[in-house]
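Please load the model in the viewer and keep the sequence panel open beside it. The tour proceeds by selection, one stop at a time.

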Amino acid sequence: LKKTVTVSGVVSKVHWVNPHIYIEVAAKEPAATWRLEGVPVGMARKAGLSMSMLKGHGETVTIVAHPARDGTPNLGYLIKITYPDGKVFQFAADAS
């Protein structure tokens with residue numbers, strides 16, 4: 001069973017690079033910037049996802065992520081991002 005964290009905030013940066021996409025989320029409560037690793041660029045493109053879609057339009061999103069195994073604060077692996085309009089991008093299986 002892997003731990004997960006839920007973070008709400010605005011996607012402030014998208015690093016659309018290989019080997020994996022990284023996003024930065026400006027979280028509101030508690031105030032912090034989260035850096036999250038995602039899937040490889042090729043997988044994102046095959047799923048129909050673009051960099052601009054991932055960044056959104058400055059709206060508050062809800063992120064579910066696995067926190068860093070070594071305990072590094074505000075670092076993790078992106079599982080799912082949900083936008084206010086209900087759009088969901090699923091990057092990994094939810095922990096059960």
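The stops below pass through paired strands, a pocket and the end of the chain. The coordinates belong to a predicted model.

**Stop 1: strands β1 and β2**

Begin by selecting residues 5–15, which form strand β1, and then add residues 22–27, which form strand β2. These two strands pair in the antiparallel sense, with six bridges between them. Between β1 and β2, a hairpin of six residues makes the connection. For one pair across this ladder, select Val10, which stands opposite Ala26 in β2.

**Stop 2: Glu24**

Remain on strand β2 and select Glu24, which is found there. Is Glu24 buried or exposed? Glu24 counts as buried because its relative accessibility is 15%, and the buried class covers values under 20%. Which residues is Glu24 in contact with, leaving aside its neighbours within four places in sequence? Show Val10, Val11, Ser12, Lys13 and His15, together with Thr33, Trp34 and Arg35, to display these contacts of Glu24.

**Stop 3: from β1 to β4 and β5**

Return to strand β1 and add residues 60–67, which form strand β4. Strands β1 and β4 run antiparallel and are joined by six bridges. Two of the pairs can be picked out individually: Ser8 has Thr62 as its bridge partner in β4, and Val10 has Thr60. Val10 therefore merits a label of its own, since this residue has a bridge partner in β4 and also stands opposite Ala26 in β2.

Next, add residues 75–82, which form strand β5. Strands β4 and β5 are likewise antiparallel, and six bridges join them. Select Pro67 and Gly76 to see one such pair, in which Gly76 is the partner in β5.

**Stop 4: the largest pocket**

Keep strands β4 and β5 visible and select His66, Pro67, Ala68, Arg69 and Tyr77. Of the 13 residues that line the largest pocket, these five lie nearest its centre. Strands β3 (32–37), β4 and β5 each give two or more residues to the lining. How much space lies in this pocket? The value is about 240 Å³. Colouring the lining by residue class gives six nonpolar, two polar and five charged residues. Pro67 thus appears at two stops, as a bridge partner of Gly76 and among the residues nearest the pocket centre.

**Stop 5: Gln90 in strand β6**

Move to residues 88–90, which form strand β6, and select Gln90 within that strand. Gln90 is partly exposed, at a relative accessible area of 43%. Beyond residues up to four places away in sequence, Gln90 touches Ile79 and Lys80. A polar atom of the Gln90 side chain lies 2.6 Å from the backbone oxygen of Ala92. For a longer distance, draw a line from the C-alpha atom of Gln90 to that of Ser8: the two are 82 residues apart along the chain and separated by 16 Å.

**Stop 6: Ala93**

Finish with Ala93, in the segment after β6. Why does Ala93 count as exposed? Ala93 counts as exposed because its relative accessibility is 63%, and the exposed class covers values over 50%. Measuring from C-alpha to C-alpha, Ala93 is 11 Å from Lys2, with their positions 91 residues apart in sequence.

How values were computed: Residues numbered from 1 in each chain as written. Predicted model: local features only at pLDDT ≥ 70, side-chain atom pairs only at ≥ 80, totals over all residues. Heavy atoms only, no water. Helix = DSSP H or I, 4+ residues; strand = E, 2+ residues; numbered from the N terminus. Buried < 20%, exposed > 50% of the residue type's maximum accessible area, 1.4 Å probe, protein only. Contact = heavy atoms within 4.5 Å. Polar contact = N/O pair within 3.5 Å; in protein donor to acceptor, adjacent residues only side chain to side chain. Pairing = 2+ DSSP bridges. 1 Å grid on protein atoms, 1.4 Å probe; cavity = no way out; pocket = protein on both sides within 12 Å on 5 of 7 lines; lining within 4 Å. Points joined across faces, edges and corners; volume = space filled by probe spheres on them. Nonpolar A, V, L, I, M, F, W, Y, C, P; charged D, E, K, R; others polar.
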